[in-house]
Structure formats: structure tokens, C-alpha cells
Amino acid sequence: MTDKIYPCPICNNANGVVVHISGGNEELWGCGECGNVWQNEEELISAMKKANQTELEHLLPQHKQDNSNIDRLKNLHDEEIRPLIPELLSWLADCNWPVASDVLGVLKSRESLVFPHIAGILTGSDVEWKCWIMQLLIPSFSPEHKEELRGEIEKLMSLTSLDEDTQWVVEIATYCYNKCFT
Ligand SMILES: [Zn+2]
């Protein structure tokens, strides 16, 4: 029987591998390269997941011009990119940022992962964010998803306060509504 081996989550880049070590009453998973040990397989696997997550987070834009990892983001599996979606959406808070249009492309291709976050943005307090979302993202959604947001968009269209921000929301919500439903 051959024990499984795993790539080491600590020294992954140095080709470390983690093997099962058992002797006497002791049982460990250890990396011969960096010397790190884990008490059991579950602990090792959770360390690997965490390392993988950290690696994925490095693909997120680091500043307003950083589109260096956009292609890698596009190629991630749904399960890999799912935890990154909220932060990617936050890059749409100001679509004048150069990276925003690239991020928008990534998000449009993951509608089913993005959709659950949208109602929260529309009901939230960030005026600029909700306006960009209504202008650039929602009109690209499937008819079913648009329909689910209809109530929220209608609510924003019928706000009556006269302050400038609210007028802007009403204007963009009306634009969005027309794009989606007429
Ligand atoms: Zn190692």
C-alpha cells in the first residue's frame, strides 16, 4: 500500500512534498523540504486550502491600474473564483478606475456567482457603486435575474428626495429599467 503524497502548502514553490510518517504511536504528515508537520490529513488539507486561497487572492487587482492577472482570473474554476467575487465587485465602485472595465468583463462571465451579491449593493448606501452596477452590469444579466431585481430597481426609480445623489440614482435606475424591461 502506498501512502498518498501532497504538495507542501508551505514550500510549494520549492517542490516540497508532504508524506505520511508513522512510527510507534506517532502519526504525522511531514514535509522533507521545509520540515513542517501536520498532526493528521485533515489538518494538512485545510492548510493546503488556505494556501491555495492566499494564492488566489494574489490574483486580485492590487491597485487601480493593475490588470496583470485578469486573464488568470478569467480562467479560474467557479469554485476558485467564488470567494473573490465580493472583492472583484468592489472594483466596480468607481468605473473610472482603469482596471474596472477588465473586472467588469470577468464578472459578466460569472453571472450566477455575481447575482447573489447584487441586491445587497442596490439596497446599500454606496450611491456610486449601485449606479455603476445598474448602468454596466445588470443590463447584461439573463431575463430571469433581471426580473428578480425588478422590484429593487423600481424602488430606486421612484425615490423622491431632491438631493443630487438621489437624483442621480433615479436617473440611472430609470436607464437600467428601460434597458432591462422595455
Ligand atoms: Zn514544505
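Start by selecting helix H5 (residues 100-108), whose buried residues pack against helix H2 (70-74), helix H4 (85-90), H6 and H7. Packing here rests on contacts, where two residues are in contact if their C-beta atoms, placed from the backbone, lie within 7 Å. Helices (H or I, at least four residues) and strands (E, at least two) are DSSP runs, numbered from the N terminus. The model is a predicted one: local features need pLDDT of at least 70, side-chain atom pairs count only at pLDDT 80 or more, and totals for chains, interfaces and linings use all residues. Residues are numbered from 1 along each chain as its sequence is written.

**Within H5**

Colour Asp102, Val103, Leu104, Val106 and Leu107, which are the buried residues of H5. A residue is buried if 20 or more other C-beta atoms lie within 10 Å of its own, exposed if 12 or fewer, and partly exposed in between, with C-beta atoms placed from the backbone. Now pick glycine 105, which also lies in helix H5. Glycine 105 has 13 other C-beta atoms within 10 Å, so this residue is partly exposed. Draw a distance from glycine 105 to leucine 159: the two are 54 residues apart in sequence, and their C-alpha atoms are 30 Å apart in space.

**On to H6**

Select helix H6 (residues 111-123) and go to threonine 123, which is found there. Threonine 123 is exposed, because 11 other C-beta atoms lie within 10 Å. A line from threonine 123 to tryptophan 168 covers 15 Å between C-alpha atoms, with the two positions 45 residues apart along the chain.

**Helix H9**

Next select residues 164-181, helix H9. Its 18 residues reach 26 Å from first C-alpha to last, close to the 26 Å expected at 1.5 Å a residue. The expected span of a helix is 1.5 Å times one less than its number of residues. Show Val169, Ile172, Ala173, Cys176 and Tyr177, the buried residues of H9. Looking down the axis of H9, these buried residues fall within an arc of 145 degrees, so they line one face of the helix. The arc is that of the directions from the helix axis to the C-beta atoms. An α-helix has 3.6 residues a turn, so residues three or four places apart point the same way. Turn to the other side of H9, where Glu164, Gln167 and Asn178 are exposed. To see what covers the buried residues of H9, add helix H7 (127-137) and helix H8 (143-157), which are included in that cover.

**Helix H1**

Move to residues 41-57, helix H1. Its end C-alpha atoms are 24 Å apart, which agrees with the 24 Å that its 17 residues should span at 1.5 Å a residue. How many of the 17 residues of H1 are buried? The number is one, so H1 lies largely in the open.

**The sheet**

Select the four strands, which form an open sheet in the order E1-E2-E3-E4 with antiparallel pairing. E1 and strand E4 (37-38) stand at the edges, each with a single partner strand, so one side of each is left without a neighbour in the sheet. Two strands pair if DSSP finds at least two bridges between them. Strand E1 (residues 5-7) is joined to strand E2 (residues 17-23) by three bridges, and tyrosine 6 has valine 18 in E2 as its bridge partner. Six bridges join E2 to strand E3 (residues 26-31). For valine 19 the bridge partner in E3 is glycine 30, and for glycine 23 it is glutamate 26. E2 and E3 form a hairpin with two residues between them. Stop at glycine 24 in the turn, which has a positive phi of about 60 degrees.

**Zoom out**

Show the whole protein chain: its secondary structure comes to nine helices and four strands. The radius of gyration is 23 Å, well over the 16 Å that the globule rule gives for 182 residues, so the chain is more spread out than a compact globule. That radius is taken over C-alpha atoms, and the globule rule is 2.2 Å times the number of residues to the power 0.38. Along the principal axes, the C-alpha atoms fill a box of roughly 75 × 30 × 25 Å. Of the 182 residues, 21% count as buried.

Finally, colour by domain: domain 1 is 1-57 and domain 2 is 61-182. These bounds come from an automatic or database domain assignment. The centres of domain 1 and domain 2, taken over C-alpha atoms, are 40 Å apart.
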